[in-house]
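Please open the model in a viewer and keep the sequence panel visible. The stops below proceed by selection, each followed by what is found there.

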Amino acid sequence: MTDIDRAWWKEAVVYQIYPRSFKDSDGDGMGDIPGIIEKVDYLADLGVDCVWLNPVYESPGVDNGYDISDYRAIMDEFGTMADWEALRDALHERGIRLIMDLVVNHTSDEHAWFVDARSATDSEHRDYYWWREGRDPEQTTLDPDDYDTPIGVDEVPPNDWESFFGGPAWTYDDRTGEWYLHLFDERMPDLNWETPSLREDLFEMMEWWLDHGIDGFRMDVINLISKPEGLPDGEDPTAIVNGSDKFVNGPRVHEYLSELHDRVLAGTDSMTVGEMAELSIDEAKHYVGDDGDGMSMVFTFDHMRLDMTDAGRWSHRESSPRELKETMTHWQEGLADEGWNSLFLNNHDEPRQVSRFGDVEQYRRESAKLLATLLHTLRGTPYIYQGEELGMTNYPFESLDEIRDVDTIKNVRAAQESGRLDESDVMDLVRYRTRDNARTPMQWNDAEHAGFTDGDPWMPVNPNKENINAEDARDDPNSIWHYYRELIDLRSERDVVVYGDYELRLRDHESLWVYTRTLETDDERDSLLVVLNFASDETTFDPPTDLAGRDADVLVSNYDTAVDAVEATTLHPWEARVYDLH
Ligand code: TEU
């Protein structure tokens, strides 16, 4: 018997919008907020419950909006505050909530705080950021030639940390002769959460957005906000970037986030999802568990690292469906009793899921549907990244000139300079990995520029818009789009999809992923069986003995299937079945 601990954000399906690439309304080639408003009925038809909007704040656009110069203003290219309010209302009128991206590990270097901070060592906002004197190279193992300092400055940075975008995490600023910290681009300085007035300013900014009627926050790299005392050099040579063993889940992170929760979120019905690279289950519970910081759920990335070697993101190894099953099961089991998972296989930072985990060559439609079945029947909140519901694929990039993403450009340059990448494999890796795969324009129809814009799109449109686009998908009852609708409907009809326990079956099978979801309440026991054939070949499914022969019918499948019991069968390539167990 279970008391269901209900929450709207557990029951919701979230749709992620990357505004730059969703819909352009004014022909400048870049998506905008009025463009999103044109498409709110599309979202309502799909049946999603919540939109997560990637950053739309004022920004010079070094990292497509993750470099914010004013938290309380909308970027000109995206529209005005009045447009944003109209979007909020259009969504709310259709029963769709809205969560905003919260980027508070860093700002843009054009933010007024940083402009003031860098003006003098005793400026009012100096301590909103991390400033340190450089070190004498003689006293370190660092080579001064690796750093960009003016002639006459013979210094190396305060420590050896590296930026996620490649190169050092420190930049020398000749106005005051000190270095500032940036875990991402040098134009994205890290905020110093140790400064109480900074925290106060950030909390007020969050309240301001809640007062504007938003329903929660997606918290960007939120487990990086606390840096350790003394800013020590990294010690772990296998760390994802040098120093991450020191600044990920730093010493005061829970203190800050509890304060944020008590001060801003407590008593509101808003949701928070924390983006957290490098997280163990025990650590996750400190954020989302019963005695945690009150965060609703976490985005974790173990399953996004399976196809990398120890060399990190700019490497590639083949990973197997079984590894994916084991990794995601580890999180399903780990947060079974406390905490809550978010379910995703792609987002604006990752390649397209069907290209990465499915078979785009032979079984694009079938494998896209199988991946959808997985995400919508595991325990947790499913996220749909724009275009995923169409089975959009990676883009056939041919040269680095086509790449816009600062992360790809800088990391590739750094890897080439250090000799880690030879020219022959650069483009293979870029095509496979670049974040720009996710950022090509949404494919609305088969017209020029896929109906995304009347102007020149800021990123090229995938030529497969001819047969992968929203208009065709909506006309075809057998499309991936309609299949997503079915899964979303199933979630809203059956509590077991949201709240049921997950139990993995046939654990050792190489290509079948089989699990039950079971919900016991006072008056009933509801069970589903999910069977997924992660292979481009037919595969025999022998049900576990306790389920064999059980009366059942198939609720959702990507092939035509009618059964009245769970029986041994040969599954088609990428076949997915959700059985209703009677
Ligand atoms: O991403 C954080 C992050 O660490 C990665 O997912 C990132 O894309 C990659 O590791 C870079 O090396 C978040 C945002 O989602 C991303 O778009 C931003 O670029 C980044 O933070 C900085 O704000």
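**First stop: the central strand pairings**

Select Gln-16, whose bridge partner in S13 is Tyr-385. This is a predicted model, in which local features require pLDDT of at least 70 and side-chain atom pairs count only at pLDDT 80 or more, while totals for chains, interfaces and linings use all residues. Residues are numbered from 1 along each chain as its sequence is written, and side-chain values use heavy atoms, with hydrogens and water left out.

Helices (H or I, at least four residues) and strands (E, at least two) are DSSP runs, numbered from the N terminus. Two strands pair if DSSP finds at least two bridges between them.

Move next to Tyr-15, which has Ile-384 as its bridge partner in S13 and Val-51 as its bridge partner in S2. S1 and S13 run parallel and are joined by 3 bridges; S1 and strand S2 (residues 50–53) also run parallel, joined by 4 bridges.

Now colour strand S1 (residues 14–17) by burial, where buried means under 20% relative accessible area, exposed over 50%, and partly exposed in between (1.4 Å probe, protein chains only). In a regular strand the side chains alternate between the two faces of the sheet. Both faces of S1 are covered: Val-14 and Gln-16 are buried on one side, Tyr-15 and Ile-17 on the other.

**The two sheets**

Extend the selection to the open sheet of 8 strands, which has parallel pairing and the order S11-S10-S9-S5-S2-S1-S13-S12. Strand S11 (297–299) and strand S12 (342–343) are at the edges with a single partner strand each, so one side of each has no neighbour in the sheet.

Then select the open sheet of 3 strands, ordered S6-S8-S7 with antiparallel pairing. Here strand S6 (131–132) and strand S7 (170–173) stand at the edges, each with a single partner strand, so one side of each is left without a neighbour in the sheet. S6 pairs with strand S8 (residues 178–181) over 2 bridges in the antiparallel sense, and Trp-131 has Tyr-180 in S8 as its bridge partner.

**The ligand**

Display the residues near the ligand, that is, those with a heavy atom within 4 Å of it. There are 16 residues around the ligand, of which Asp-63, Asp-220, His-348, Asp-349 and Arg-435 come nearest.

Which polar side-chain atom lies 2.8 Å from an oxygen atom of the ligand? It belongs to Arg-435. Select also Arg-218, with a side-chain N or O atom 3.0 Å from a ligand oxygen, and Arg-313, where the corresponding distance is 3.1 Å. The protein covers 94% of the 490 Å² of accessible area that the ligand has on its own (Shrake-Rupley method, 1.4 Å probe).

**The nonpolar cores**

A nonpolar core is a set of buried Ala, Val, Leu, Ile, Met, Phe, Trp, Tyr and Cys residues joined through side-chain atoms within 4.5 Å. In the largest, of 173 residues, select Tyr-15, Leu-43, Trp-84, Trp-193 and Trp-513, which touch the most other members. Another core, of 12 residues, lies apart from it and includes Leu-512, Leu-529, Val-554 and Leu-571.

**Two single residues**

Select Leu-390, in the loop between strand S13 (381–385) and helix H13 (406–417). Is Leu-390 buried or exposed? Leu-390 is buried, at a relative accessible area of 5%. Its C-alpha atom is 9.4 Å from that of Arg-474, 84 residues apart along the chain.

Finish at Ser-258 in helix H8 (residues 253–265), which counts as partly exposed at 26% relative accessibility.

Terms used:
A polar contact is a pair of N or O atoms within 3.5 Å; within protein, one must be able to donate a hydrogen and the other to accept it, and residues adjacent in sequence count only if both atoms are side-chain atoms.
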